Amino acid sequence: MRQRVGDVLDWFGNILLWLFFGIRTSLFRIHKLAFGKPVPGRTSSSFHKVLLVGDSAAEGYGEAPALLFRSRGLVGRLDVLTRACPRIRQKWQFLDAADHTVSTMKLRKNTLWKAIQQDEDYSDAEVVILYFGDRSSQLEAANSPDAYVREIEAVALELLELEKKVCICMVPTGGVSCSETLAKLRVANRGLVDMAARICSEMKCSGLKVGPDPDGGRLRGKELFTLDDIHFCAKGYDIFAIELLRE
């Protein structure tokens with residue numbers, strides 16, 4: 001009898017959790033469709049564009065419960081921070097090209113990749129930020145760190161050939177509790193750092209950088225992540241945006 005009651009409670013708890021994430025995801029998608037893409041301008045000597053490319057972690061999915069009240073996301077936070085900085089005199093526009101259906105290994109096979117290169121709103125962006133950090137991207141990095149780094153390298157090289165400056169964000173680890181998975185993600189992140197240094201040395205360029213260290217003190221801690229321990233919550237996005245601009 002107790003076992004049956006326990007099974008019923010577990011089933012009910014799973015239903016509630018499923019409903020919570022379902023409602024949160026629906027609110028997020030509706031909001032992005034309504035407000036997600038600002039009217040882009042054309043780049044010039046005083047007007048610059050930054051394109052954010054990634055998965056649901058880059059989309060700002062973790063902030064979904066608060067979207068109807070504070071709709072900044074990662075792109076919005078970067079925009080607010082640059083506007084508030086007195087040392088930045090020129091205009092910078094941040095565009096959101098993140099897509100929750102895209103993972104690291106699928107980017108170059110997705111229509112988004114063609115849009116990044118040919119869409120008139122995206123193709124003249126001078127800086128591209130690559131941020132992949134949802135569960136699919138974490139699994140890709142953990143299961144095959146070498147293949148993950150090679151794919152990011154291929155993406156970065158194509159963007160560099162298009163004369164873009166590229167910032168590669170490492171896979172977030174702050175919410176990961178499994179020690180084995182954490183160790184594998186750290187191997188992948190070290191590979192990204194080494195790869196970027198090698199490319200800059202070989203190409204004698206400074207247009208490729210790596211984003212903030214996810215194992216750094218400010219980006220560690222369960223309180224920075226949502227219940228899934230993968231996506232940043234509002235506080236996490238606040239800190240990540242500040243650290244990203246410092247890079």
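These exercises on a predicted model deal with its pockets, its cavity and two of its helices.

**Exercise 1. Describe the largest pocket: its volume, its central residues and the elements that line it.**

Solution.
1. The volume of the largest pocket is about 660 Å³.
2. Its lining is made up of 22 residues, and those closest to the centre are W92, V127, L244, L245 and E247.
3. Two or more lining residues come from each of β1 (47–54), α3 (73–84), β2 (91–96), β3 (127–131), β4 (165–168), β5 (208–210) and α8 (234–246).
4. β4 gives the most, with three residues.
5. Sorted by class, the pocket lining has 13 nonpolar, four polar and five charged residues.

**Exercise 2. Find how many cavities of 30 Å³ or more the model has, and state what lines the largest cavity.**

Solution.
1. Rolling a probe the size of a water molecule over the atoms shows where empty space is left.
2. The count is one cavity of 30 Å³ or more.
3. The largest cavity has a volume of about 70 Å³.
4. Its lining consists of Y131, C169, M170, P172, T173, P212, P214, L219, F232 and F240.
5. Of these residues, nine are nonpolar and one is polar, with no charged residue.

**Exercise 3. Check the length of α8 against the expected span, then list its buried residues and what covers them.**

Solution.
1. α8 has 13 residues, so at 1.5 Å a residue it should span 18 Å, taking 1.5 Å times one less than the number of residues.
2. The end C-alpha atoms of α8 are 19 Å apart, which agrees.
3. Taking buried as under 20% relative accessible area, the buried residues of α8 are A234, G236, Y237, I239, F240, A241, E243 and L244.
4. An α-helix has 3.6 residues a turn, so residues three or four places apart point the same way.
5. The cover over the buried residues of α8 includes α2 (56–59), α3, β3 and β4.
6. Two of these buried residues also appear above: F240 lines the largest cavity, and L244 is among the residues closest to the centre of the largest pocket.

**Exercise 4. Do the same for α7: compare its reach with the expected value, give its buried residues and their cover, and say what follows the helix.**

Solution.
1. α7 (residues 179–203) contains 25 residues.
2. From first C-alpha to last, α7 reaches 36 Å, close to the expected 36 Å.
3. Its buried residues are L182, L185, A188, N189, G191, L192, M195, A196, I199 and C200.
4. These are covered by elements including α5 (135–143), α6 (145–161), β4 and β5.
5. After α7 comes K204, with a positive phi near 50°.

Technical notes. Residues are numbered from 1 along each chain as its sequence is written. This is a predicted model: local features need pLDDT of at least 70, side-chain atom pairs count only at pLDDT 80 or more; totals for chains, interfaces and linings use all residues. Side-chain values use heavy atoms; hydrogens and water are left out. On a 1 Å grid over the protein atoms alone, a cavity is a set of points where a 1.4 Å probe fits but cannot get out, and a pocket is an open set with protein on both sides within 12 Å along at least five of seven lines; lining residues have an atom within 4 Å of a point. Grid points are joined across faces, edges and corners, and a volume is the space filled by probe spheres set on the points. Helices (H or I, at least four residues) and strands (E, at least two) are DSSP runs, numbered from the N terminus. Ala, Val, Leu, Ile, Met, Phe, Trp, Tyr, Cys and Pro count as nonpolar, Asp, Glu, Lys and Arg as charged, and the others, Gly among them, as polar. Buried means under 20% relative accessible area, exposed over 50%, partly exposed in between (1.4 Å probe, protein chains only). Contact means heavy atoms within 4.5 Å.
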